[in-house]
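Please look at the model below together with its sequence, and follow the paragraphs slowly, turning the structure as you read. What can be learned by going from one sheet to the next, and then from one chain to the other?

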Amino acid sequence: MTLLSLHGIRKSFGAVDVLHGVDLSVAAGEVVGLVGDNGAGKSTLMKTITGIYRADSGSIEFDGKDILALDPGQRRQLGIEMIYQDLSLAKQQDVASNIFLGREPTKRLFGLFPGFVDKGEMDRQAAKMIERLGAHLPSINRSVGSFSGGQQQTVAIARALTFNPKLVIMDEPTAALAVREVQSVLDLIRRLKSEGIAVILISHRLNDVLSVTDRIVVLRHGRADADLATARTNMNEVVSRIVGGGDIAAAAAHEQRG
Amino acid sequence: MASETTQPGFWARVQRASVERLHIRLESLVVLLALSAAMALMSPYFLSLSNFLNILLATSTIGVLAIAATFVIGSGGLDLSLGSVMGLAGVMGAFVVVNLGWPTVFLVIACILAGGIAGHINGQLVTRAFVPAFIVTLGMLGLARGLALVISQGRAIYGLPPEIVYIGQGRPFGIPMPVIILVLTAIVAHAVLAYTRFGRHTLALGDSEGAARAAGIRVEHHRRIIYTLSGALAGLAGLLFTARVNAGDPTAGINYELTAITAAIIGGTNLFGGRASILGTMIGALIMGVLQNGLTLLAVQSYYQQMAIGAVLILAVFIDQYQVRKESRV
């Protein structure tokens, strides 16, 4: 069943055309790798899915609904979450505040005044989520900025998973992590897949992409240039599709070493 | 990292608990008590109920402006027009009642509405015209002051109705009305900033606009509300001042933004947004009030008081930035 389908997505910033009509579809529970050279438009494409950018033309359907006109908050409610490369955390706020930002549960103060944030409930659920991820944080009441990179990553992941998403987009989730942390992110992706959650993985680490995805889409010059089944492709083919001819053998050899 | 394995010291833990539970930076409370003790030692008049109420009364206008400054700075913005908008609001209020002969209640409405409109214009320009808040509100500082002088023809507007004078000079249960209004405003503002979604989104916005946007918060819309609120609070301050001096004074509030912003920063508001508390700001406003009151009791010329406030502002930001650099890893 198709969960997300994009057709002819175009996006330009002033005179710079970034996306020239991208087609992409993701099925429920499918893990799709999105690869491409720097400036191919990967992050821009993902931000048109989450609603941070509005596509100039084209159509986006999610779960059978046209979501082109919806803002980021409404798309999140439908079940689209993204873990940003820069994590997009509010560093002076604590763990629960970050996880629930924009979706805080509320209660009535003294049973009278509505609209007060239920901090106790937030803390409980945040602690539960962090525990489910098997992570250890010094304290969930501390500001996120005082945590290490991996710990901050955990908070960003917890934020994406707390509200039962249907699609999780990860932008370079392993770029800044230690080897052991990379493995736990890959394990997490497999677990999401087993729970029926679709994942779009953007990564420069092709080994990670090859090991965890069902399909690999290559973005090149603002177009979805290739759509490869992971089981029937290999490093050489992916690299050659990314660089698009030229010194393929050398580039592939380099990736194999790296 | 060493900071993970070693237990934080007692002082650090008390500091943290104070910030997390009471939203107060402990240092500001210590400064307030030390300053009060010093003043009490130097002046026999300082420690008396009437002087205490005097300090609160003198702090009421600045206190309301400081609440406005806390919201705006906490959201990552800046409002330099607070003092001028306060002056404009007071003049507008006095003008509609005295010169146009409208019913008394319109003085209150005109003050808050004039402030709110000026603030809303700030918000529109910041979010739609992409002029930096520093420039927009600096421009509004000139515009609002000029308009106040035009409307009043440069003279204070006298002859306010007695109900209004009661707002400024009345003392139910012996407590000055402006103090009561400040306390009520502060309680509501504290509840909003610390415990509602609006308040949390305000701080998240000041912390990281990108994170707030990604979380689905309507960033520009939120900013416009904040600037409008800031202007409306300046209007309330204008009402309090006008009622207290019994006139719509076009020169009211000159340099008040300096004191208000200083109070907010001393109270623990991060100059660049993301951290702010109304309780802290109230302590900051009291520090400014005690400082001015004490210097007056000690017969220090008011010119020096102005210098003291400026120096305190720079010192407070220095200490805050020093601590931020010490604490953060990035």
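This is a predicted model, and a good place to begin is chain A, where four strands form an open sheet in the order 2-1-4-5, with antiparallel pairing. At the edges of this sheet stand strand 2 (16-27) and strand 5 (65-66) of chain A, each of which pairs on one side only. Within the sheet, strand 1, made of residues 2-13 of chain A, is joined in the antiparallel sense to strand 4, residues 57-62 of chain A, and the pairing extends over five bridges. To find one of these pairings in the structure, start from His7(A), whose bridge partner in strand 4 of chain A is Ser59(A).

It helps to recall here that the strands of a sheet pair through backbone hydrogen bonds, either parallel or antiparallel. A second open sheet of chain A has six strands in the order 6-9-10-3-11-12, and its pairing is mixed. Why is one side of strand 6 and of strand 12 of chain A left without a neighbour in the sheet? Strand 6 (80-83) and strand 12 (223-229) stand at the edges and have a single partner strand each, so one side of each remains without a neighbour. From one strand to the next, the twist of this sheet averages 20°.

For a parallel pairing in this sheet, turn to strand 3 (residues 31-35) and strand 10 (residues 198-202) of chain A, which are joined by four bridges. Here Gly33(A) has Leu201(A) as its bridge partner in strand 10 of chain A. Helix 6 of chain A, residues 179-194, packs on the sheet and touches strand 3, strand 9 and strand 10, while its direction makes about 150° with that of strand 10 of chain A. Another helix of chain A, helix 5 (residues 149-161), lies across strand 6 and strand 9 (167-171), and runs at about 175° to strand 6 of chain A.

Chain B is built in another way, for it has 15 helices and zero strands. Its C-alpha trace spans about 70 × 55 × 35 Å along the principal axes. For 330 residues, a compact globule would have a radius of gyration near 20 Å, and because chain B has 20 Å, the value agrees with that expectation. Of the 330 residues in chain B, 52% are buried. Finally, if one takes the contacts in chain B between residues at least 6 apart in sequence, 79% of them join residues at least 24 apart.

Key: Residues are numbered from 1 along each chain as its sequence is written. Chains are lettered from A and ligands numbered from 1 in the order in which they are written. This is a predicted model: local features need pLDDT of at least 70, side-chain atom pairs count only at pLDDT 80 or more; totals for chains, interfaces and linings use all residues. Two strands pair if DSSP finds at least two bridges between them. Helices (H or I, at least four residues) and strands (E, at least two) are DSSP runs, numbered from the N terminus. Axes are lines fitted to C-alpha atoms, for helices over the stretch in contact, and angles run from 0 to 180 degrees between N-to-C directions. Two residues are in contact if their C-beta atoms, placed from the backbone, lie within 7 Å. The radius of gyration is taken over C-alpha atoms; the globule rule is 2.2 Å times the number of residues to the power 0.38. A residue is buried if 20 or more other C-beta atoms lie within 10 Å of its own, exposed if 12 or fewer, and partly exposed in between; C-beta atoms are placed from the backbone.
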